[in-house]
Amino acid sequence: MSARPKPVQTRRGMTVRDVDAVVDIEARAYSFPWSRGNFIDSLAAGYGAEVLHVMEAGQVTLAGYFVAMPGVDELHLLNITVAPDWQGLGLGWGLLQAVELMGRQRGLPRLFLEVRQSNHRARALYRRFGFSEVGQRRGYYPAPAGREDAVVMRLDCEGGAR
Ligand SMILES: CC(C)(COP(=O)(O)OP(=O)(O)OC[C@H]1O[C@@H](n2cnc3c(N)ncnc32)[C@H](O)[C@@H]1OP(=O)(O)O)[C@@H](O)C(=O)NCCC(=O)NCCS
């Protein structure tokens with residue numbers, strides 16, 4: 001964790017009006033970002049989506065977000081991102097707590113996600129949060145040279161919140 005203090009933060013549901021700022025972060029955070037259409041379609045489909053704002057020096061900035069698709073008895077985390085200049089301050093952990101809360105509130109206490117095999121930082125964060133690696137999807141992601149495998153991770157949200 002960085003020595004920079006954790007900023008004051010607020011969360012709320014993502015709306016179409018947030019999408020420009022979200023897409024801007026997406027382009028900075030990923031080599032293969034989601035498109036504007038991916039976010040618009042997710043909102044239109046009623047997926048769970050929230051944005052996180054931080055306040056520093058009187059300025060409010062959109063610093064992170066997640067999108068999660070409800071299934072029969074699980075919530076599938078499709079996208080979780082913290083803006084590069086706000087990473088390492090515990091905001092990703094807070095977003096995971098928000099995903100877990102959404103799952104509980106919707107009666108979907110099992111979470112699934114896919115993560116690039118090479119994304120060791122995210123995998124370590126998910127493991128520390130309580131996720132287990134339960135499978136692999138071969139060639140799931142585009143990559144600079146061909147395709148990259150996904151690791152499938154699962155969390156059963158039983159007991160108290162993290
Ligand atoms: C992955 C990502 C969402 C993590 O967000 P973040 O805000 O940087 O992560 P955090 O600051 O919450 O966590 C960072 C560290 O603090 C730890 N941590 C934070 N809060 C904690 C808490 N309350 N208790 C215990 N550990 C905590 C994390 O485990 C992690 O450990 P590290 O210091 O060894 O790296 C972010 O880096 C990101 O958006 N990356 C680019 C996009 C991406 O890869 N998304 C995931 C795709 S599957």
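## Exercises on a seven-stranded sheet and its surroundings

Of the six residues of β1, the number buried is zero, so this strand lies largely in the open; here a residue is buried if 20 or more other C-beta atoms lie within 10 Å of its own, exposed if 12 or fewer, and partly exposed in between, with C-beta atoms placed from the backbone. The model is predicted, and local features need pLDDT of at least 70, side-chain atom pairs count only at pLDDT 80 or more, while totals for chains, interfaces and linings use all residues. Residues are numbered from 1 along each chain as its sequence is written.

**Exercise 1.** Work out the order of the strands in the open sheet, and find its edge strands.

*Solution.* Begin with the terms: strands (E, at least two residues) and helices (H or I, at least four) are DSSP runs numbered from the N terminus, and two strands pair if DSSP finds at least two bridges between them. Following the pairings gives the order β1-β2-β3-β4-β5-β7-β6, with mixed pairing. The edge strands are therefore β1 (8-13) and β6 (132-143), each of which pairs on one side only. Neighbouring strands of this sheet are turned by 25° against each other on average, direction ignored, where axes are lines fitted to C-alpha atoms, for helices over the stretch in contact, and angles run from 0 to 180 degrees between N-to-C directions.

**Exercise 2.** Determine in which sense β1 and β2, β6 and β7, and β4 and β5 pair, and give one bridge for each.

*Solution.* Strands of a sheet pair through backbone hydrogen bonds, either parallel or antiparallel. First, β1 and β2 run antiparallel and are joined by six bridges, and Arg-12 has Val-51 of β2 as its bridge partner. Next, β6 and strand β7 (residues 146-156) also run antiparallel, with eight bridges, and Gly-135 is partnered by Val-152 in β7. Finally, β4 and β5 pair in the parallel sense over four bridges, and the partner of His-76 in β5 is Phe-112.

**Exercise 3.** Sort the residues of strand β5 (residues 110-116) into a covered and an uncovered face.

*Solution.* In a regular strand the side chains alternate between the two faces of the sheet. In β5, Leu-111, Leu-113 and Val-115 make up the covered face, whereas Arg-110, Phe-112, Glu-114 and Arg-116 make up the uncovered one.

**Exercise 4.** Describe how helix α1 (residues 19-29) is placed, starting from its buried residues.

*Solution.* The buried residues in α1 are Val-19, Val-22, Ile-25 and Glu-26. Seen down the helix axis, they fall within an arc of 125°, so they line one face of α1; the arc is that of the directions from the axis to the C-beta atoms. The face turned away from this buried side carries the exposed residues Asp-20, Ala-27 and Arg-28. The buried residues pack against α2 (36-44), β2 (48-56), β3 (59-70) and β4, contact being counted when C-beta atoms, placed from the backbone, lie within 7 Å. As a last step, note that α1 lies across β2, β3 and β4, running at about 75° to β4.

**Exercise 5.** Characterise Ala-57, found in the loop between β2 and β3.

*Solution.* Ala-57 has a positive phi of about 50° although it is not a glycine. With 5 C-beta neighbours inside 10 Å, Ala-57 counts as exposed.

Conventions: Two residues are in contact if their C-beta atoms, placed from the backbone, lie within 7 Å.
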